[in-house]
Amino acid sequence: MPDYRREFFDFGPITYLNCAYHGPLPRMTAARIQRAIQIESDPTQLEKKDFFDLRERIRTRLAGLLGAQPGEMALVGSATQGIGIVASGLDWRPGDEVVISSENFPSNLFTWVNLRRRGVRVNVLRPEGGFLAAEQVAAAMNSRTRVLALDWVNYSTGVRINLAEMGELARRHGALFVADGTQGAGAVELNLNALPVEVMTAAAYKWLLAPYGTGFLYLSPKVQEQLELKVVSWLSVNGSEDFDALPTEDFTVTNSARRFDILAFLGMYGLDASLEFLQRVGVRTVNEHCTQLLDRLAQGLKGKGYALSAAADAERRSTILCFQASSPEATAALYQKLKSQKIAVSLRQGMIRVSPHLCNGEADIDRLLDATDGR
Ligand SMILES: Cc1ncc(COP(=O)(O)O)c(C=O)c1O
């Protein structure tokens, strides 16, 4: 496998193993954003087509990477916005239910819980034994369930759920399956059109290596039909390309996910470049590389007696692995030690979270292992 490290910046003395916190921008992305700043500083360089071509290019790249159609992709600023578009666009009826997990990241939690104020029953499942089991979800679903909303890869354990299994459960009950793909998209291969997933949203600033404030919202054609468009942007309507004769009262909205776009211009340049990088490299390459590094880590940690999160199991694995020492205090102390040795990882829910990318090599894993004394 080629060495991709030179595609990223040098982190100086720091060993960065924290992509689940923020993915490093590839050099080409930083250069493209600088170019965008030049264009916006001198708008004589800004062409009308830039408003449209860039967005469609990003949509096509996202669709190619994630196994969807360009018309199923909306460009959003965060996973929170993606969830918000869906939760606010559905026609809630008294007695409707939503099933979520207490371990979802807040983006996929707070907006749903907030629906209680509108009379929606929100059932928050508390996973037992380190991950959410399909049986627990199945037991919570009933004919009133409108939405099942889960994170694809858990941000604090790295556990990946089975999208096909959870999506089937939702379909069987006539519910929409909404997945937050933030911790998986770009790092784990995905074919959205082959899965019973109606909605996937994600922040792109982690495994898609894009700037903070960028993301996507995948909407299946079925869900596009159901969603009311709450905010109508001038770009949501047919004919917005014609600056000299923009539609007025008689506007019609486009019949694709494009009508839900709400992404800022500068971020788009960065997102486009990072997706171009990932297309060139391939999600499979990213996954194989991270898997190799995490296998090495898991082996070393097990040898020293550390407990690994359920993400170490083959059927639940992602590109994040977490581990803990003999007590919460010992884990916190180890985290501080790693920090003082300039090894950047995260402490999440009492576990140390390790999340490498193509900017890392085996030497980075060995540095981390050298800093661990044993449980
Ligand atoms: C699973 C998951 N979803 C979403 C986010 C970020 O959310 P947002 O794009 O709403 O800021 C994170 C950040 O850590 C996350 O881990």
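This briefing covers the domain contact, the ligand shell and two helix packings of one structure. The model is predicted. The domain assignment splits the protein into domain 1 (5-17 + 282-371) and domain 2 (29-280). The C-alpha centres of domain 1 and domain 2 are 28 Å apart. Helix 8 packs against helix 1 and also meets helix 2.

**Domain contact**

- Domain 1 puts 19 residues into the contact, and domain 2 puts in 17 residues.
- On the side of domain 1 that touches domain 2, at least two residues each come from helix 9 (283-303), strand 10 (321-324) and strand 13 (351-354).
- Helix 9 gives the largest share of that side, with 5 residues.
- The side of domain 1 that touches domain 2 is made up of 9 nonpolar, 5 polar and 5 charged residues.

**Ligand shell**

- Among the residues surrounding the ligand are Ser-78, Ala-79 and Thr-80, together with Phe-105 and Ser-107.
- Asp-151, Tyr-155, Asp-180, Thr-182 and Gln-183 also belong to the surroundings of the ligand, as do Ala-203 and Gly-215.
- By class, the shell around the ligand has 4 nonpolar, 6 polar and 2 charged residues.

**Helix 1 against helix 8**

- Helix 1 (residues 27-41) packs with helix 8 (residues 265-281) at an angle of about 150°, and their axes are 8 Å apart.
- Angles over 145 degrees count as roughly antiparallel, and helix 1 and helix 8 are therefore roughly antiparallel to each other.
- Helix 1 and helix 8 cross in a right-handed sense.
- From helix 1, the contact takes Met-28, Thr-29, Arg-32, Ile-33 and Ala-36.
- From helix 8, the contact takes Leu-266, Tyr-269, Gly-270, Asp-272, Ala-273, Ser-274 and Phe-277.
- The contact of helix 1 with helix 8 comprises 7 nonpolar, 3 polar and 2 charged residues.

**Helix 2 against helix 8**

- The axes of helix 2 (residues 50-66) and helix 8 cross at roughly 35° and come within 10 Å.
- The crossing of helix 2 and helix 8 is left-handed.
- Helix 2 contributes Leu-54, Arg-55, Arg-57, Ile-58, Arg-61, Leu-62, Gly-64 and Leu-65 to the contact.
- Helix 8 answers with Met-268, Leu-271, Asp-272, Leu-275, Glu-276, Leu-278 and Gln-279.
- The contact of helix 2 with helix 8 holds 8 nonpolar, 2 polar and 5 charged residues.
- Asp-272 of helix 8 takes part in the contact with helix 1 and in the contact with helix 2.

Definitions and conventions. Residues numbered from 1 in each chain as written. Predicted model: local features only at pLDDT ≥ 70, side-chain atom pairs only at ≥ 80, totals over all residues. Domains from an automatic or database assignment. Contact = placed C-beta atoms within 7 Å. Helix = DSSP H or I, 4+ residues; strand = E, 2+ residues; numbered from the N terminus. Nonpolar A, V, L, I, M, F, W, Y, C, P; charged D, E, K, R; others polar. Near = placed C-beta within 6 Å. Axes fitted to C-alpha atoms, helices over the stretch in contact; angles between N-to-C directions. Parallel < 35°, antiparallel > 145°, perpendicular 65-115°, else oblique. Left-handed = near helix turned anticlockwise from the far one by under 90°.
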